[in-house]
Each structure stands twice: as structure tokens, then as C-alpha cells.
Amino acid sequence: MNTSETLADLVAAEDVLLFVNAAITATGQREFRSDAVGQQLSLDFLHAYVRVNYRRVYASSLALDINDHNAARIVLGLLETAGEASAEERRTEGRLIAARLALLPPQRVYRLFGEVRRAGINNRRTRAIMRDWLAARPDLGHDAVKYRGGVKTAARHIHLRCPEGAGPLAEVGAFLFRPGRLPRYEHRLLDAWRRAHYEQGAVAELPFTVAEGFAARHGMKREVFLKRAAPRMTRLERLRTHSVTQRPEIDLTAMPLTRLALYVLSLPFEQRAARRTELTGVLRTAARRAAGGHAGSWGRVHAVLDDSFSSSGSGQKRRRPLAVALAGHHLLEALAAPGAYRGLWTSGRGDALLVRPWGPTPLGMRVLDALEPGPGGAAPDRLVIVSDGWDNAPAGLAGEVLRVWRKRLDPGRRTAVVHVNPVYDADGFDVRRLAAGVPTAGIRDAEDLPALVEIARFAEGRTGAAELHAYLDRRVALFLGEKETVS
């Protein structure tokens, strides 16, 4: 292979990693150092650029651990530009779209269907994808009550046949398009919605978000309504009403690790300290669950964790970077060999449960500490840095430390170094990096850390587009294979 071909492959690999990092971290919302408009414009450019130049990679990204916002954007982009793909590409894209839609929250899928309708995408393949997704819903009557506008838009777009007469689909059709025609419904929720207009007791039978409107209409006291609605609340609805109910019955043991870390950080210091045993226990349990088969397999692990002021995030993503660091701290402890983990916070705090966003970001000093040999004089097998990359005390020290360490002290790469960054840098169209030789990956949920470490190795510049495409092909095959096994 000549030099120009090698450079082209490296550029292609870098472009792909750029997009993957953005698709994992960016949501078009305001970040600590950039506003929502800048985030959205940056994402618009990246999606268009990768879709036009690397369509195969663009579709394959649906099989990766990207966030729901970008998954929906990719689906819309593929459907909107189906004419640019070959017949074989459309078949593969159709399978990837169907598999990804099955994993997305229903409210996001209905929102996506609304965008499809507004964009005028009405070809046969699109209608078939929408029809198959609706047919696979476990209870379309429940969706009609909870997501009425979304179901109605989708049904109109695909010309869903809702015959008159008896049957579940007939009732859904009457509910959506001919309200008030039927004296009652056989479907429990549809009839509860009908009765809730004049019967206060029926309000508690409805999904929480629907019941809230009826409760306000009937003048129900908030505390009484929440107590009656509690059995039908989702986990997130329980969390949102936490401050109102004062003592919600939340099952922390079933909560995902990063979501659990967000909950812990929302508590005052006094509550965290008083519930130390409980909170530490559930965090470690969630971390072991997230580690799965990787638990204890990473050897000696040292981590640098960013709890500087910028980890406070933004009004839309409040404390998200700090939550990823806290969750990552416990996950790395589970991934390390027993007793072989050391976590260092940029603030110098030693109590992970009481961290808060504060102060500058002295990453360089903490990296120096983390590279110190552990017990027995052995260097760490892995150094993991969880930070937004704004090394500013002093600026650039972390990158210089890692450069010298790699060049002079560890040229054989005995210590694997990886930087995971939970914040998308809109100006740079990527997550901010510490140094050119340090593999960096975007991260949204700490649970994805083991998979992201594998992706990050492609960022070292020692592998090209062929290896990256092979990795993507494996992920696509696994993604579609799992989906087919489930069905």
C-alpha cells in the first residue's frame, strides 16, 4: 500500500471515530462550555458529513452504544436519503433500523415518526418499518392513552386500518379518530380514560403522565394524587417526584449504575453521609452487575476522576459529567483485581460518596500521582482518566506528562492509558483530547466503559480503516444476531 492510500485510511478512521465519539456523548443540549445552538449545528454538520462520505459506517453506528438522540437522527437520515443507497445497503439498513427502534424508548420512537411525517418520507419501506414496529408493541391501547398524539400521527402516516366494530384495533381506532362514539371500551385503560373525565376514582388507573392532567382538572391535592398513583409510576417518575413525596419507595437495587450515581449526587451531603452503608452498597452492586464477565480481569487499575467545577454540567445535563466519574469509579473498582484499584479525584478528596463539583482541573498532577507504582513497586496495568479534558492547573500538563511517560519511561506500553470523556466539544467536532498519543473515547453512561476501551484503541493511530470496519462489522453481526435470537 502506498503512502497516499495509508494516509487516506488513517483519515477515514479518524473521521469515523470523530463521529462515534459525538454520537455517544452529544445530545444537542447545552454543555458547561457551549450552548445548545452550537451543539446542534456541530451535530448537523457531522451527521451530514458522515452520511454522505461513509454511509456504511453511518448505518453501522446503530449497532454501537450511541445515545438515543443520535440513534433517532441516524434513522431519520437513512430513511430520508434512501435513494442514495444501493439495494443491498437498503436491506442492511432496514434490519439495523428495525433492531434499533426496538431498543429505543417508545416516546422517542413516536417523536421520530412525527419527524418522518413532517419530512414527507412516505415510501413503502418506511411505512413497512413503522407498521412492523407498531405491530410489535405489547399493548397499543396503552400507547394510545399515554402517547395519543404520536400513535395518531403514525397511524395516519401508514394508513393503519382500524375497522369499525369489535376488537382491540377497532377500539383504538375509535379512541383516536372517533372519540365519544362508543359508550364504553373493553380495553381497561381506554375505558379508564373515558371515565376519568367525570369520575375521580378512574384517574389512578391511568399512566402517571396522563393522570396528572386529570388530577389537576378534578382539583386533587398533589400529595393524595401521588400516593394513589405510586403503584403505576415508572422508576424515573418516582425519582422526579422524590422531593414531593419526601420518602418515595424507590428500588435502588434495580437502578442502572449511572442513573444511580445521578440520584446519589442529587442528595444533600447529610443524607449521603447518613445513608453511607446503603448507598455505597447499591453502587458497588450495580457496578458488579455492569462489569459482568469482565469483573476482576483488568489487573492493577489506577483512575483519575474529574470533580472540578466544570463537572457540574449544565441546566439540561446537571451533574452528568460528575455522575459518570462517580459511576466509573465504582465500575473500575469492580473491573480491577481485588484490592488493586486506586481512584484519585482532581480535588484531592478521598471520599467518593461526598464528591461535589468544585475548583480547577489539575489533571497533570493527578496523572503523576496515578502513575506512581502501587503496593509492591508495580506500575498500574491500566490508567483510566474520566474527564472533560480541560486540563488547566497548569494548562497542558497532563498531555506533557503522558507524552514523556510513553516516550521515555514506558515505550513498551506496559501501562495501557485511556481517556474517556463525557462532554462533547462542539467547536472541535469531537470530545476534547489530552494528547495525540492518548486514546480517547466519548462516554455517556459508565456502564459502556469496557466496550469504549476497545473502541479507544483505534484512536492511537496504529490501526487503519480496515481494522475499524472489521470491528464495526462484528458489532453489526452481533447486534442483528441478538435481535433475531430474541424474536
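Leaving aside neighbours within four places in sequence, which residues is S61 in contact with? I shall answer that shortly, after a word on the model.

This is a predicted model, in which local features need pLDDT of at least 70 and side-chain atom pairs count only at pLDDT 80 or more, while totals for chains, interfaces and linings use all residues. Residues are numbered from 1 along each chain as its sequence is written, and side-chain values use heavy atoms, with hydrogens and water left out.

To return to the opening question, S61 is in contact with F19, I66 and I74, where contact means heavy atoms within 4.5 Å. The residue is found in the loop between helix 3 (55–60) and helix 4 (68–80). Helices here are DSSP runs of H or I with at least four residues, strands are runs of E with at least two, and both are numbered from the N terminus. At 1% relative accessibility, S61 counts as buried. Buried means under 20% relative accessible area, exposed means over 50%, and partly exposed lies in between, with a 1.4 Å probe and protein chains only.

I turn next to the nonpolar cores. A nonpolar core is a set of buried Ala, Val, Leu, Ile, Met, Phe, Trp, Tyr and Cys residues joined through side-chain atoms within 4.5 Å. The largest has 131 residues, and L101, L206, F225 and L332 touch the most other members. Helix 19 (residues 320–335) gives the most to this core, with ten residues. Apart from this core lies another, of 16 residues, among them L363, A370, V401 and L434. As background, nonpolar side chains in soluble globular proteins tend to be buried together. Not counting residues up to four places away in sequence, F225 touches V203, F208, A211, E212, A215 and M220.

Let us look at two helices. Of the 16 residues of helix 19, 15 are buried, so the helix is mostly covered. Its end C-alpha atoms are 22 Å apart, which agrees with the 22 Å that its 16 residues should span at 1.5 Å a residue. The expected span is 1.5 Å times one less than the number of residues. Helix 18 (residues 276–291) also has 16 residues, with an expected span of 22 Å and end C-alpha atoms 22 Å apart, which agrees. Its buried residues are L279, T280, V282, L283, A286, A287 and A291. They pack against helix 16 (257–266), helix 17 (269–274) and helix 19. After helix 18 comes G292, whose phi is positive, near 55 degrees.

Now the aromatic residues. Rings of Phe, Tyr and Trp (its six-membered ring) pair if their centres lie within 6.5 Å; planes under 30 degrees apart count as stacked, over 60 as edge-to-face and the rest as tilted. By this rule the count comes to twelve aromatic pairs. The rings of Y110 and Y147 have centres 5.5 Å apart and planes at 35 degrees, so this pair is tilted. Y110 lies in helix 6 (residues 106–118) and Y147 in the loop between helix 8 (140–146) and helix 9 (148–157), so the pair links distant parts of the chain, 37 residues apart. Y110 and Y147 are buried.

Which kind of pair do F113 and W133 form? Their centres are 5.5 Å apart and their planes are at 85 degrees, so the pair is edge-to-face. F113 lies in helix 6 and W133 in helix 7 (residues 124–136), so the pair ties together parts that are 20 residues apart in sequence. F113 and W133 are both buried. F45, Y49, Y54 and F429 form one aromatic cluster.

Two arginines also involve rings. A charge sits over a ring if NZ of Lys or CZ of Arg is within 6 Å of the ring centre and within 35 degrees of the ring normal. The charged end of R148 sits over the ring of F175, 4.6 Å from its centre, and that of R432 sits over the ring of W390, 3.7 Å from its centre.

I close with S308, in the loop between strand 1 (301–305) and helix 19. S308 is buried, with a relative accessible area of 0%. A polar contact of 2.7 Å joins the side chains of S308 and D306. Such a contact is a pair of N or O atoms within 3.5 Å; within protein, one must be able to donate a hydrogen and the other to accept it, and residues adjacent in sequence count only if both atoms are side-chain atoms.
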